[in-house]
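Dear colleague,

I am handing over the structure below, and would ask you to look at it with its internal cavities in mind. My notes on what was found follow directly after it.

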Amino acid sequence: MTDNTAQTDNGPVLAADGRPLKASLRKALRAQKIRAMMLIAPLLLFIVVTFIAPIADMLFRSVENQIVGNTLPETTATLESWDFANGEPPDEAVFEALYYDMFLAAEARRHTRVGSRLNYEETGMSSLFRGTGRSLDDLGDDYFDVFEGVDPIWEEAGFWYDFMGAGDGDAEAGGLIDAQRDRLSALLDEPVAGDVGFVPDAEIAAILPRTADAYAAFAAYTALVDEDVVAEEEPWEAVFTALATDLRRDGAGEAIAAYSGDGAAELQAAYEARDQLPDISYTEFFIEEDEDWGSLDTWGTIHAYSPSFTPGYFLTAIDMRLTPEGISAQPENLQIYGTLFGRTLFMSMVIMGSCILLGYPIAFLLANLPMRTSNLLLILVLLPFWTSLLVRTSAWKVLLQQQGVINDLLVWIGLVADDNRLQLINNQTGTIIAMTHILLPFMILPLYSVMQTIPPSYMRAAKSLGATDWTAFWRVYFPNSVPGIGAGCILVFILSIGYYITPELVGGETGTFISNRIAYHISDSLNWGLAAALGSILLAVVLVLYWAYDKLVGIDNVKLG
Amino acid sequence: MKLKSVLMLTTGAALAAPMALAESHGGMDMADSMTLVSWGGAYQDSQINAYANPYQEMNPDVEIVWDESSAEAVARLRAMNEAGNVTWDLVDVLASDSMRLCDEGLAMEIDHDEVLAPGDDGSDATDDFGDLIVSDCFIPQIVFSTTFGYRTDVEEWNGNTPDDICDVFDLEAFPGQRSLERRPIGNMEWALLCDGVAMEDIYDTLETEEGVERAFAKLDTIADEVVWWTAGADTPQLLADGEVVFGSTYNGRLFSLIEEQDQPVEMLWDAQVFDIDGWIIPEGLPEDRLNRVLDFVRYATDTQRLADQAAYISYGPARASSAPLVGEHAELGIDMGPHMPTDPENSERVIVFNYEWWADYRDDMDARFQAWLSN
């Protein structure tokens with residue numbers, strides 16, 4: 001290369017203006033790149049917003065598991081130190097935390113959601129949470145009756161408001177309210193903001209910690225979610241349960257005796273009447289409601305699914321499962337996903353293969369017949385392509401069933417006995433036949449467009465050099481048509497791997513694909529996490545196959561038209 | 001200070017909230033259009049004829065849009081709820097789906113006595129609907145059943161006709177293909193019943209490992225002769241084509257196959273599985289739309305309207321007080337009483353779904369069922 005700015009010594013090559021050529025070139029290219037980026041920016045943005053972001057969000061669900069921690073924050077935190085291997089259900093502290101978590105969740109109708117979530121992992125959790133949620137009020141009601149008997153003032157909203165908030169000092173425990181606000185935001189999965197209109201008093205919060213906490217939860221929920229005025233609402237049942245717990249705490253007597261703020265006399269009276277309170281622990285309450293609360297499996301499942309992120313969905317998707325003892329294989333009578341993935345890949349390959357076998361000759365004819373005939377043939381290929389997918393699939397049902405057209409015909413010509421008709425539908429055969437037909441145009445069209453560009457003179461040249469028809473085709477024509485086969489294969493394979501309507505309608509029990517299970521989990525079981533995990537695996541398989549294909553055939557050798 | 005600002009902030013909302021639940025008649029702000037979601041086909045037509053048209057005659061400026069999406073209602077409602085844009089006002093779902101929607105917080109909890117009209121005989125709505133109110137969000141409409149139809153012209157049966165559910169499992173006396181739904185619900189119950197389990201022990205048995213094995217073993221005896229269906233229209237089609245000789249489906253589908261299309265098919269009412277269909281109101285509707293829906297639903301589920309619906313489709317009204325009012329089919333002129341699943345003749349032996357049980361075991365059982373199918 002000769003360049004008049006080039007220097008022969010080993011200094012950098014300089015441009016006409018004396019700057020290094022490399023930098024100057026980079027600058028010129030950068031402007032071009034920016035212009036190109038700006039031109040594609042609208043499309044790129046569109047794709048990111050409407051396509052990539054929703055898919056990423058959906059796939060993220062396959063590991064996301066915040067619902068357990070958000071709904072039962074105190075329980076999961078207390079449960080952390082519990083060990084499944086000990087063989088003992090957790091202690092009273094966990095049940096106490098569970099009571100207050102469940103109470104708030106039940107008020108917000110979120111406890112059933114976490115029940116459904118855990119039911120995917122351990123059968124029975126759904127009704128456990130639903131049933132217990134209904135009876136949480138009973139415990140508080142029992143305590144309430146006693147307090148009300150001692151002094152009817154405990155029923156009054158205004159008394160409670162002054163009692164918990166005013167105190168006699170000005171030290172305020174505002175942190176309690178902030179904590180409750182954050183907790184509500186997590187529980188409801190949307191930011192909760194605003195003024196609660198109540199601040200707990202620090203002194204009373206020190207004497208009655210559980211009560212202050214429960215009342216703060218009540219106040220935050222009343223003001224921020226129900227949008228009512230705290231001072232006018234009678235506290236909910238959990239507050240009375242909390243008060244009973246605090247009164248029975250060791251050392252409560254001295255602290256209460258020393259207290260002199262608002263409601264001191266009433267509190268002292270309630271303290272003296274503490275022996276009348278029903279004597280029931282949180283543990284007893286829960287186990288009485290449902291004995292499953294005493295079961296190790298229940299707590300093991302909650303413990304195993306406490307973290308915000310879980311490999312659980314992915315494990316289920318590969319026929320494993322996350323149990324309290326660790327990761328293990330799914331029992332054999334529950335293993336389906338491996339079979340389905342294998343079947344989906346195998347059948348997609350078979351469909352792709354039969355599309356090549358059927359499509360190649362047609363594409364060859366299309367490309368080599370005179371224009372008029374080939375146009376007619378092309379219309380015949382395209383007509384079914386333009387017909388609704390459901391109509392074509394239903395037509396196959398009519399054709400393939402045992403009392404259907406094809407079987408009738410075979411019986412009529414005597415190939416098949418009347419009482420031994422062929423089973424052509426509701427099995428793999430049905431899926432393969434119907435899907436091959438539906439996907440055939442995706443094979444024919446790219447093949448046709450590639451074959452049209454192969455000059456007929458190549459074949460003539462080969463033959464004039466002494467090749468037979470077969471040799472000329474195999475050694476000259478076929479290699480030229482390989483890019484079309486590649487394109488057709490990719491299209492057909494990737495389309496069929498995600499197909500679901502046709503297998504659902506004609507696949508019976510042995511001809512369904514993994515996508516049918518994904519659809520089931522999206523629309524029936526609402527287990528979107530598992531659906532997302534199955535979808536992610538399917539996407540990964542396609543990407544790996546695409547990569548392998550690129551290595552073997554080379555993606556540059558693919559012509560899509 | 002704080003109290004005052006809260007008062008100002010919340011007064012508006014505090015006033016608005018209870019009003020939404022108050023008596024829905026009167027001069028309230030009501031939207032003038034609503035989107036109802038149903039199943040399409042003959043069932044939706046019966047709803048249009050029995051409630052929607054009369055309602056629109058009373059309220060000529062109300063526009064009703066129908067969406068035939070009930071089959072995927074659960075997933076669609078969840079997607080709408082997550083997007084924060086619920087476009088449906090009233091959704092027709094199966095009782096089991098209503099439980100799921102209620103658990104997920106996607107359907108509104110209602111006070112049945114307050115929202116629904118009392119029965120014509122003066123009973124409270126809760127008494128009138130009775131046990132059919134399976135969840136706090138569910139407003140029952142009709143009782144239907146999943147039951148079997150059989151062809152009457154099968155030569156191999158030598159003139160015998162099945163009269164017992166267990167004939168479905170008897171391949172010797174009643175050879176031929178059968179169609180069953182491709183999900184465990186219903187099939188497991190029938191299998192156990194025919195394996196000698198007493199009706200009241202079915203769900204207890206299914207809870208045990210051996211019980212499930214027993215049910216699958218029973219189903220195994222006919223599995224080679226079963227066509228599994230997924231859409232309600234499949235079995236009528238298969239029966240009409242002679243592809244199967246026995247088939248389970250919804251009784252209304254069989255009614256139209258037998259009475260309207262005049263096919264050589266009969267009903268086998270024994271051990272029919274009762275199921276309920278009804279409305280749910282999506283959670284989070286704006287006030288004016290909620291008022292309109294409450295007004296409509298109160299009208300559409302009163303005693304007379306539910307009885308009227310039976311003139312268009314052979315499903316039983318969910319109110320006890322509607323039963324005496326059921327009359328003749330609007331077009332065919334046949335007396336509908338004997339075609340109701342709730343008719344005493346037909347309901348000598350019925351399986352009543354245990355919704356709570358299935359809500360717990362559905363996912364687990366379905367996974368097993370699919371695994372069983374693919375082996």
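Please bear in mind throughout that this is a predicted model. In the lining of the largest cavity, the element that gives the most is α14(B), with five residues. That cavity holds about 170 Å³ of space and is lined by 18 residues, those nearest its centre being Ser116(A), Ser126(A), Arg100(B), Asp103(B) and Ala359(B). Two or more lining residues come from each of α5 (111-119) and α6 (125-150) of chain A, and likewise from α4 (95-103) and α14 (355-374) of chain B. Within chain B, domain 1 (17-143 + 277-338) and domain 2 (146-274 + 340-374) each supply at least three residues to this lining, which by class is made up of seven nonpolar, five polar and six charged residues.

The structure holds four cavities of 30 Å³ or more, and the second largest, with about 100 Å³ of space, is lined by residues of chain A, including Tyr100(A), Phe103(A), Gln180(A), Arg183(A), Asp213(A) and Trp236(A). The elements of chain A that contribute two or more residues here are α4 (92-107), α8 (174-188) and α10 (209-225), with α10(A) giving the most, at four residues. By class, the lining of this second cavity comprises seven nonpolar residues, one polar residue and three charged residues.

When you open the model, you might begin with the largest cavity, at Ser116(A) and Ala359(B), which are among the residues nearest its centre.

With best wishes

Terms used
Residues numbered from 1 in each chain as written. Chains lettered and ligands numbered in written order. Predicted model: local features only at pLDDT ≥ 70, side-chain atom pairs only at ≥ 80, totals over all residues. Heavy atoms only, no water. 1 Å grid on protein atoms, 1.4 Å probe; cavity = no way out; pocket = protein on both sides within 12 Å on 5 of 7 lines; lining within 4 Å. Points joined across faces, edges and corners; volume = space filled by probe spheres on them. Nonpolar A, V, L, I, M, F, W, Y, C, P; charged D, E, K, R; others polar. Domains from an automatic or database assignment.
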